[in-house]
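Dear colleague,

Please find below the sequence and structure for your records. My notes on what was found follow directly after them.

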Amino acid sequence: MAKVKYYYDSETLSYRKIRRKKRTTFKYALAFLLASALFGFFFVIAGSYFFESPKERELSRELENMQLQYDLLNKRMDDAIAVLENIEERDNAIYRLYFEANPIPEEQRRAGFGGINRYKKFEGFDNSALIRESNKRLDILEKAIVVQSKSLDEIAILAKDKEKFLEAIPAIQPVNNENLTRMASGYGYRTDPFTKIRKFHYGMDFTAPRGTPIYASGDGIVKRADNSSSGYGKHIRIDHGYGYVSLYAHLYKYNVRINQRVKRGDLIGFVGSTGRSEAPHLHYEIFKDGERINPINFYYGNLSAAEFSDLLQKASLENQSLD
């Protein structure tokens with residue numbers, strides 16, 4: 001039971017009971033409620049500042065995990081960029097240089113993206129700078145990979161073409177060493193066997209018994225197999241492409257026909273002495289872009305260093321040719 005309170009009335013010289021008005025009671029109650037609410041509000045604020053709720057702890061862990069994932073992503077991008085830079089360096093300094101292709105400029109490999117702001121959607125977050133930078137690096141990395149991929153595709157085409165080129169150009173001696181009697185005459189000024197006049201000899205003469213096999217020195221297409229060219233007798237011309245043509249003269253007989261495709265090392269004919277020839281031998285010439293060049297530079301495919309050195313020494317002697 002509530003205590004009854006009194007006050008002293010000086011006019012009546014007596015104690016009177018204190019009667020609280022309902023309005024006053026309401027004011028006190030309202031003040032108490034406001035004070036309690038205010039206290040509770042500050043308590044909650046202070047509690048949230050010093051203590052985390054379970055939900056906040058969960059969100060905090062998610063943010064920490066997200067930060068860790070972004071750090072790992074950036075580390076993986078760093079590793080990928082390092083590998084790509086190594087490939088790019090080899091691409092420019094080895095592959096493209098070897099296949100005579102222009103290196104790709106660095107600004108083309110690392111070009112950004114112009115125009116609208118591609119990363120506006122990542123703004124307004126606590127980690128906007130991190131997210132924006134990660135996405136920007138990823139875009140540049142993807143573009144660099146595309147550029148490098150196209151470059152390697154180009155290199156593959158050049159390599160395939162280079163392989164065809166290496167297979168096509170004359171690269172072996174057309175008569176096997178074991179079948180040779182001797183290397184009779186080389187490229188350069190020689191004495192003509194019929195006129196005894198010193199004149200330029202445009203091929204190489206390999207003496208060998210009649211019927212000795214003759215082989216194609218490179219891949220190509222037989223363009224001529226006839227005896228209608230003055231002085232050559234029965235002869236074969238093979239178009240190797242890339243401006244190269246090989247000629248095999250004074251044959252005994254053919255083993256190919258016109259427009260036949262041949263491979264390096266295919267048997268194409270046999271040594272003879274037809275046409276303007278003093279004895280059985282193969283007269284061999286190489287043309288590059290219509291000009292006759294020294295065949296001595298085209299035997300790297302089947303001669304050892306010692307054999308080539310010996311052939312070079314013999315070919316340099318200014319003796320008498322056989323045609």
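Tyrosine 242 is a convenient place to begin: this residue lies in the loop between S9 and S10. Please bear in mind throughout that the model is predicted.

The hairpin around tyrosine 242

S9 and S10 form a hairpin in which two residues stand between the strands. Tyrosine 242, in that turn, has a phi near 55 degrees, which is a positive value in a residue other than glycine. Most residues other than glycine have a negative phi. Tyrosine 242 counts as partly exposed because its relative accessibility is 36%.

Just before the turn, glycine 241 belongs to strand S9, which covers residues 235-241. The bridge partner of glycine 241 in S10 is tyrosine 244, and the two strands pair in the antiparallel sense over five bridges. With a relative accessibility of 26%, glycine 241 is likewise classed as partly exposed. Glycine 220 is 21 residues away along the chain from glycine 241, yet their C-alpha atoms are separated by 6.9 Å.

A second residue with a positive phi is asparagine 259, at about 70 degrees, although it is not a glycine. Asparagine 259 is placed in the loop between strand S11 (251-254) and strand S12 (261-262). Its relative accessibility is 56%, so asparagine 259 counts as exposed.

From the hairpin to the core

S10 is mostly covered, with five of its six residues buried. This strand also pairs with S14, in the antiparallel sense and over six bridges. One of the pairings there joins leucine 247 to its bridge partner in S14, glutamate 285.

Which residues have the most contacts inside the largest nonpolar core? They are Ile214, Ile236, Ile238, Tyr248, Ile268 and Leu282, in a core of 25 residues. Two or more residues of this core come from each of strand S6 (204-207), strand S8 (220-226), S9, strand S10 (244-249), strand S13 (267-271) and strand S14 (281-288). The largest share, three residues, is given by S14.

Leucine 282 shows how parts of the chain meet at this core. Leaving aside neighbours within four places in sequence, leucine 282 is in contact with ten residues listed here in full: Pro174, Val175, Met204, Asp205, Phe206, Ile214, Tyr248, Ala249, Leu251 and Val271.

Salt bridges

How many salt bridges does the structure hold? There are five, and three of them may interest you.

- Glutamate 285 forms a salt bridge with arginine 292, the closest N and O atoms being 3.7 Å apart. Glutamate 285 counts as buried, because its relative accessibility is 2%. Arginine 292 is partly exposed, with a relative accessible area of 31%.
- Aspartate 219 pairs with lysine 263 in a salt bridge whose closest N and O atoms are 3.6 Å apart. This pair links distant parts of the chain, 44 residues apart: aspartate 219 sits in the loop between strand S7 (213-215) and S8, and lysine 263 in the loop between S12 and S13. Aspartate 219 is buried, at a relative accessible area of 14%, whereas lysine 263 is partly exposed, at 49%.
- Aspartate 79 forms a salt bridge with lysine 75, with 3.2 Å between the closest N and O atoms. These two residues are four apart in helix H2 (residues 54-98), so about one helical turn separates them. Both ends count as partly exposed, with relative accessibilities of 39% for aspartate 79 and 47% for lysine 75.

A nonpolar patch at the surface

Leu38, Phe41, Phe42 and Ile45 make a nonpolar surface patch of about 420 Å². Phenylalanine 41, one of these residues, lies in helix H1, which covers residues 22-50.

The chain as a whole

The secondary structure of the protein chain comes to five helices and 15 strands. Of its 323 residues, 31% are buried. The accessible surface is about 21100 Å², and 57% of that surface belongs to carbon and sulfur atoms. Among contacts between residues at least 6 apart in sequence, 64% join residues at least 24 apart.

With kind regards

How values were computed:
Residues numbered from 1 in each chain as written. Predicted model: local features only at pLDDT ≥ 70, side-chain atom pairs only at ≥ 80, totals over all residues. Heavy atoms only, no water. Buried < 20%, exposed > 50% of the residue type's maximum accessible area, 1.4 Å probe, protein only. Patch = residues over 30% accessible without salt bridge, like charges linked within 9 Å, V, L, I, M, F, W, Y side chains within 5 Å. Areas by Shrake-Rupley, 256 points an atom, 1.4 Å probe, with all protein chains shown as cover. Salt bridge = Lys/Arg side-chain N within 4 Å of Asp/Glu carboxyl O. Core = buried A, V, L, I, M, F, W, Y, C linked by side-chain atoms within 4.5 Å. Contact = heavy atoms within 4.5 Å. Pairing = 2+ DSSP bridges.
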